[in-house]
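Got your viewer open and the cartoon representation switched on? Follow along, selecting as you go.

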Amino acid sequence: MKTIIAPVDFSTVAENASLYAAELAADIKADLVLLHIMELPIAVAEYPVTDSAFDEAGIEKELQTLKTKLLAAVNNKVNIRTKNILGSPEQQIKELCKTIKPFAVVIATHSSSALDRFFLGSTTVYSAKHLNYPVIVVPHNAKYQAIKKIALAADLKNVYDVPVEEIESIVKLFNAELEVLHAAKNEKAINRDSVDSLSLDHRLIALNPQFHVVKNNDTIIGITDLVKEHNIDLLIIIPKKHGPFHKSQSKDFIFYTDVPLMAIHENDLVPE
């Protein structure tokens, strides 16, 4: 049975992401784990800490309230469990993934509160970069809809490192179309990348992908413009240590995109 993990902190953006996770779970017949992690801010002197931060009974009640709301939204079609633990969000999410081996972690970003954005955003970026499982980042205003068009943001570097089997599995799970999006600075770069695009097309041939290329000096703006133009439901990125999609640029993708983004990795689902 597939399982989705949804970290929650009871903020509006996290609740929206948990609703997305619940509706996704209903769509693919997966279980859902609502995960809350109690954490002390690093700079305790800078931000006030109240007793409510460690009110375990109150947190359990909020988790059950959220669970009830989500069950109503999906007509009780999803098995939802809750988990409340103390520790570092990044480490606890990673440890739970080792135990559950989820289909994906669904997490929020884009908070209107600067403080929420700092903490929630930090956990989101870490998860997208470092987890060995797919991470779906849900923008603050995104609503779940059937995933029919999936796009892969491709830098066309080291195309033989692209995790083709995982991409095929994801696309086939949703019975979706696959589009490959690439942004290049000029015609010379487009021509130079043409051989690599043919190689990637050959590797993804079972999915019959459609390729779209745009000229733009800013990779992120170029690809997000293509996402809007082609009505993409889910954008896949592959964070890398080096190159145009290096992990620091992946952070910009996470905060810039207006559609749900799935980060997968060259070593996803490989035991550490």
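Start by selecting A183 and V214: A183 stands opposite V214, which belongs to strand β8. Keep in mind as you click around that this is a predicted model.

**Stop 1: β7 and its neighbours**

Now widen the selection to all of β8, residues 210-215, plus β7. The two strands run parallel and pair over 6 bridges. To see how the chain gets from one to the other, add helix α6, residues 187-203: together β7, α6 and β8 form a right-handed β-α-β unit.

Next, go to strand β6, residues 149-153. β6 also pairs with β7 in the parallel sense, here over 5 bridges. For a single pair to zoom in on, pick A153 and its bridge partner in β7, L181. Then bring in helix α5, residues 164-173, and you have another right-handed β-α-β unit, made of β6, α5 and β7.

With those pieces on screen, is β7 largely enclosed or open? Select residues 177-184 and turn on a surface for the rest. Of the 8 residues in β7, 7 are buried, so the strand is largely enclosed by the rest of the structure.

**Stop 2: β5**

Hide that lot and select strand β5, residues 135-138. Show the side chains and look at each face in turn: V135 and V137 sit on one side, I136 and V138 on the other, and all of them are buried, so both faces are covered.

Which strands pair with β5? One is β4, residues 104-108, which lines up parallel to β5 over 4 bridges. Click I107 in your selection and you'll find V137 of β5 opposite. Another is β10, residues 261-263, but this pairing with β5 is antiparallel, over 3 bridges. Here, V135 has A263 of β10 as its bridge partner.

**Stop 3: T82**

Last stop: select T82, in strand β3, residues 80-86. Is T82 buried or partly exposed? Its relative accessibility is 26%, and because the buried class ends at 20%, T82 counts as partly exposed.

Now show what surrounds the residue. Leaving aside residues up to four places away in sequence, T82 touches L34, E60, L63, Q64 and K67. Draw a distance to Q64 between the side chains: a polar contact of 3.4 Å joins T82 and Q64 there. Then try E60, going C-alpha to C-alpha. E60 and T82 are 22 residues apart in sequence, and their C-alphas are 8.4 Å apart in space.

Note on methods. Residues numbered from 1 in each chain as written. Predicted model: local features only at pLDDT ≥ 70, side-chain atom pairs only at ≥ 80, totals over all residues. Heavy atoms only, no water. Buried < 20%, exposed > 50% of the residue type's maximum accessible area, 1.4 Å probe, protein only. Contact = heavy atoms within 4.5 Å. Polar contact = N/O pair within 3.5 Å; in protein donor to acceptor, adjacent residues only side chain to side chain. Pairing = 2+ DSSP bridges. Right-handed = clockwise from strand over helix to strand, strands pointing away.
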